[in-house]
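Hi everyone, thanks for making time this morning. I'd like to walk you through one structure, so please have a look at the screen before I start.

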Amino acid sequence: MLTDDRLAALRAWQEQDPDPATVTALDHLIERAEGGDPEATAELVDAFAGRLEFGTAGLRAALGAGPNRMNRVVVAQAAAGLARWLLDNGHAGAKVLIGYDARYNSDVFARDTAEILAGHGLHAILTATHVPTPVVAFGIGHYDCVAGVVVTASHNPPQDNGYKVYVGRSQIVPPTDAEIAERIEAVAATPVSEIARSSAYETLGEPLLEAYAARVASLVAEDAPRDLTWVYTPMHGVGAEVVARVLARTGFPAPALVDAQAVPDPAFPTVAFPNPEEKGAMDLALALARETDADVALANDPDADRCALAAPFDGTWRMLSGDELGWLLADDALRRGTPGVYACSVVSSTLLGRMATAAGQPFETTLTGFKWIGRVPGLAFGYEEAIGYCTDPEGVADKDGISTLTRVLALVAALKAEGQTVQGRLDDIARTHGVHLTAPLSFRVADLSLIADAMARLRADLPTTLAGVPVEAADLAEGWNGLPPTDGVLFTGEGVRAVARPSGTEPKLKVYLQASVPPGRSGDLAAARAEASAVLERLASDLTAALGL
């Protein structure tokens, strides 16, 4: 049963909610809880236990009623808080671009944001339809906006949505996130009905899409080979229409499209998780690739800021890891003589550093997330192992699954013209720089306290050997190698590396493992890979035990 005080708090929140759906849903939860339903009571307690934290990833949570869920009340307060921060920082009347994906309520949240920003005297620009996240990231710079918002939960499950904020061309970082959060907290004391709104916002459609497509198409040389056969899936997301625009400009052949995943669908009916990295998510694409004898299969995640690649290896199709695709793209950029800084996050493979150094280019390690990678001065190429790649930093200072897809098409077509393959190019990289194998350990939890407990156990008894190799531990929470503090622990030893870190966007604890064999012992690739694979298995076992999971 609900206490009188708790029931009063629920009703007070409900009174300001402009969304009939969440009002009705809250009524049903209250009715079930009053009837003794423990699941309904637990949901109410969690949904109203606190405020959804606004951080460097903005907001991301399950849809539903309450301050700890994604809904129109929370979004209105976030928009007003952002507006106040922009005004306080001298941006009155400045342009802000707002876009959204095809998830449940994304269009509603985006329209609310446009109205509230316009109501605060800002020049709000709302995309005319759902668009990929990188289109908005591009549009911020192209239209000289001071900020941007994308309503998206990227590759999260269908019940989630999110609110991604850019200031300038990059995602927000501290202390901006905390400053905006303070203003959101202040707004929360005001009823939503009293937040200023205006319908005087601009709507932007074709010009933005065409400008973005033209920019991506400019990445492909006129004389580049274009002969290849490929499969594509947008994973029930918003990438397909923009990819088609880019193909029309570049002259690459149309793909064999995974029809069951081609149209935006917020239910993501064919996959357990709409993330190309997840087991089974690419099954339909791989089946079509085998059927069509394709050279490669490519996927975007639902908001098209990530890109995944599958290819045949000794006649058997498999997904490339995020690191492997990162190495291919970096190698391609270095072969083209692209100057500048090559960067990847601390959880990604160290091979990129070797490759950049060998080519005489600077390398930088960043914290996890493109909010950090995209800010690297002089960036030429940046990537993160979670299939995120920045292949055109001047156009999009963020991960971009569509420009990445285009770069991959150009690379694969060029390899094919040379009688080469993806497998062959990866072998060349391994012979030159040494075999590097990476693998993630992922522990998904329902109770976030399990993650905190596991990290506490790890820190309380740091392993001194992993996979039989002496290792040194660095607590990233204390800062490392000049990086700001972050929750994670790094282990390094000869030929081994591991980073344990809670996910910033999902209820997961992830451990990023790497085993490597130096170039002098990588001539026999099969033997070197078998050696590294055995080390990876031991690393996984040792870290699982150390975390107590």
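Let me begin with a term I'll be using: two strands are said to pair if DSSP finds at least two bridges between them. One example of a bridge, to fix the idea: Gly148 has Tyr166, in strand 5, as its bridge partner. And please keep in mind throughout that what you see is a predicted model.

First, the overall picture. The protein has 17 helices and 23 strands. Its C-alpha trace spans about 70 × 55 × 45 Å along the principal axes. What does the radius of gyration tell us? For 549 residues, a compact globule would come out near 24 Å, and the protein has 24 Å, so the two agree. As for burial, 56% of the 549 residues count as buried. If you take the contacts with a separation of 6 or more, 69% of them come from residues 24 or more positions apart.

Now the surface and the charges. About 21100 Å² is exposed, and carbon and sulfur atoms supply 51% of that. There are 43 positive and 71 negative charges, and their mean positions lie 3 Å apart.

Let's move to strand 5, where I'd like to spend most of our time. Is strand 5, residues 160-167, mostly covered or mostly open? Mostly covered: seven of its eight residues are buried. A quick reminder before the partners: strands of a sheet pair through backbone hydrogen bonds, either parallel or antiparallel.

Which strands pair with strand 5? One of them is strand 1, residues 59-62, which joins strand 5 in the antiparallel sense over four bridges. There, Ala62 sits opposite Asp160 of strand 5. Strand 4, residues 147-151, also pairs with strand 5 in the antiparallel sense, again through four bridges. That is where the Gly148 and Tyr166 bridge I opened with belongs, Tyr166 being the residue in strand 5. Then comes strand 6, residues 170-171, antiparallel to strand 5 over two bridges. In this pairing, Val167 stands opposite Ser170 of strand 6. Strands 5 and 6 form a hairpin with two residues between the strands, and Gly168 takes a positive phi there, near 70°.

If we carry on along the chain, we reach the loop between strand 6 and helix 7, which holds Pro175. What is the geometry of the peptide bond from Pro174 to Pro175? It is cis, with omega near 0°.

Helix 7 covers residues 176-187, and Thr176 is part of it. Thr176 has 16% relative accessibility, and because the cut-off for buried is under 20%, it counts as buried. Leaving aside residues up to four places away in sequence, Thr176 touches Trp85 and Val167. You'll remember Val167 from a moment ago, as the residue opposite Ser170. Ala178 is in helix 7 too, but with a relative accessible area of 40% it is partly exposed. Ala178 and Trp13 are 165 residues apart in sequence, and their C-alpha atoms are 24 Å apart in space.

Next, a sheet elsewhere in the chain. It is an open sheet of five strands with mixed pairing, in the order 9-8-10-11-12. Which strands stand at the edges? Strand 9, at 256-257, and strand 12, at 316-319, each have a single partner strand, so one side of each is left without a neighbour in the sheet. Within this sheet, strand 8, residues 230-233, and strand 10, residues 296-300, run parallel and are joined by four bridges. Val231 is found opposite Ala297 of strand 10.

Finally, two backbone details to look up in the viewer. Ile387 has a positive phi near 45° without being a glycine. Ile387 lies in the loop between strand 15, at 379-384, and strand 16, at 388-390. Its relative accessibility is 3%, so Ile387 counts as buried. Asn481 is also not a glycine, and its phi is positive at about 55°. Asn481 belongs to the loop between strand 20, at 472-475, and strand 21, at 489-493. Is Asn481 buried or exposed? With a relative accessible area of 60%, Asn481 is exposed.

That's my tour, and I'm happy to go back to any part of it.

Conventions. Residues are numbered from 1 along each chain as its sequence is written. This is a predicted model: local features need pLDDT of at least 70, side-chain atom pairs count only at pLDDT 80 or more; totals for chains, interfaces and linings use all residues. Side-chain values use heavy atoms; hydrogens and water are left out. The radius of gyration is taken over C-alpha atoms; the globule rule is 2.2 Å times the number of residues to the power 0.38. Buried means under 20% relative accessible area, exposed over 50%, partly exposed in between (1.4 Å probe, protein chains only). Contact means heavy atoms within 4.5 Å. Accessible areas come from the Shrake-Rupley method with a 1.4 Å probe; for residues, only the protein chains shown count as cover. Lys and Arg count as positive and Asp and Glu as negative; His and the chain ends are not counted. The place of a charge is taken as NZ of Lys, CZ of Arg, CG of Asp or CD of Glu.
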